[in-house]
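Reader: Please pick one helix and take me through it closely. Then show me what surrounds it.

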Amino acid sequence: MADTQDVVELILQDHRHMEDLFRLMRSVEADRAAALREFADLLIAHALAEESEVYPALKRYKNIDDEEVEHGEHEHDEGNKALLDLLEVEEVGSEEWDSKLEELVEAVTHHADEEERTILNGARENVAMERREELGAAFREERERQLKAGCGSIDNVRSIVNS
């Protein structure tokens, strides 16, 4: 992937990486538990960075719908809950695990698709590249900070969901 600072491209790269991890979590040949750990870290870091660095800035643009941004935050909550439900399943690959995985895939895929069509297209059309790069640097920094802190641990996900 190209090294970019554009916040739109960084978010899209994360979305594609999440899709790759979903494929691994569905594959009986893959280390599904490792894919879930990586996914949990990425999902939580991505959402926290969007909510702290990107969404508040985008709300200031008149052609980006505040309701879409708030809806995105609500969908993060749904994704976090679905992630926690999967993390709490004891046996990787069990029927319950597969079922909770599909609920997670549905929640995250729905959010990513909606976010790409509304918020990110709005940002691409209405936010100057220089500003998108500033937001990208802030997004990347916060995401890395969260990843280093182990943000996808079950205890942290549980505290986010229950807050």
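Author: What follows covers one helix, its neighbours and the enclosed space beside them.

This is a predicted model: local features need pLDDT of at least 70, side-chain atom pairs count only at pLDDT 80 or more, and totals for chains, interfaces and linings use all residues. Residues are numbered from 1 along each chain as its sequence is written, and side-chain values use heavy atoms, with hydrogens and water left out.

The helix is H5, residues 129-148. Helices here are DSSP runs of H or I with at least four residues, numbered from the N terminus. H5 has 20 residues. From first C-alpha to last it reaches 28 Å, close to the 28 Å expected. That expectation is 1.5 Å times one less than the number of residues.

Take the buried side first. Buried means under 20% relative accessible area, exposed means over 50%, and partly exposed lies in between (1.4 Å probe, protein chains only). In H5 the buried residues are Arg132, Leu135, Gly136, Phe139, Glu142, Arg143 and Gln146. They sit on the same side of H5, because they cover an arc of only 140° around the axis. The arc is taken from the directions that run from the helix axis to the C-beta atoms. An α-helix has 3.6 residues a turn, so residues three or four places apart point the same way.

Now turn the helix over. The face away from the buried side carries the exposed residues Glu130, Glu141, Arg145 and Lys148. After the helix comes Gly150, with a positive phi near 70°.

What covers the buried side? The cover includes helix H1 (7-26), helix H2 (32-58) and helix H4 (95-126). Contact means heavy atoms within 4.5 Å.

Arg143 shows this at one position. Arg143 lies in H5 and counts as buried, at 14% relative accessibility. Leaving out residues up to four places away in sequence, Arg143 touches Asp14, Leu42, Ala45, His46 and Ala49. Gly122 is 21 residues from Arg143 in sequence, and their C-alpha atoms are 22 Å apart.

H4 also holds Glu96. Glu96 is partly exposed, at 46% relative accessible area.

Next, H3 (66-87). Its 22 residues should span 32 Å at 1.5 Å a residue, and its end C-alpha atoms are 32 Å apart, which agrees. Among the buried residues of H3 are Val69, Gly72, Glu75, His76 and Asn80. The buried residues of H3 pack against H2, H4 and helix H6 (154-161).

Ile160 belongs to H6. At 22% relative accessibility, Ile160 is partly exposed. Beyond its neighbours within four places in sequence, Ile160 contacts Ile44, Leu48 and Asn80. Leu48 is 112 residues from Ile160 along the chain, yet their C-alpha atoms are separated by 10.0 Å.

Last, the enclosed space. On a 1 Å grid over the protein atoms alone, a cavity is a set of points where a 1.4 Å probe fits but cannot get out, and lining residues have an atom within 4 Å of a point. Points are joined across faces, edges and corners, and volume is the space filled by probe spheres set on them. The count comes to 1 cavity of 30 Å³ or more. The largest cavity holds about 100 Å³ of space. Its lining has 13 residues, with Leu43, Glu75, His76, Val108 and His111 nearest the centre. H1, H2, H3 and H4 each supply at least two lining residues. The lining divides into 6 nonpolar, 6 polar and 1 charged. Nonpolar covers Ala, Val, Leu, Ile, Met, Phe, Trp, Tyr, Cys and Pro; charged covers Asp, Glu, Lys and Arg; the others, Gly among them, are polar.

Conventions. On a 1 Å grid over the protein atoms alone, a cavity is a set of points where a 1.4 Å probe fits but cannot get out, and a pocket is an open set with protein on both sides within 12 Å along at least five of seven lines; lining residues have an atom within 4 Å of a point.
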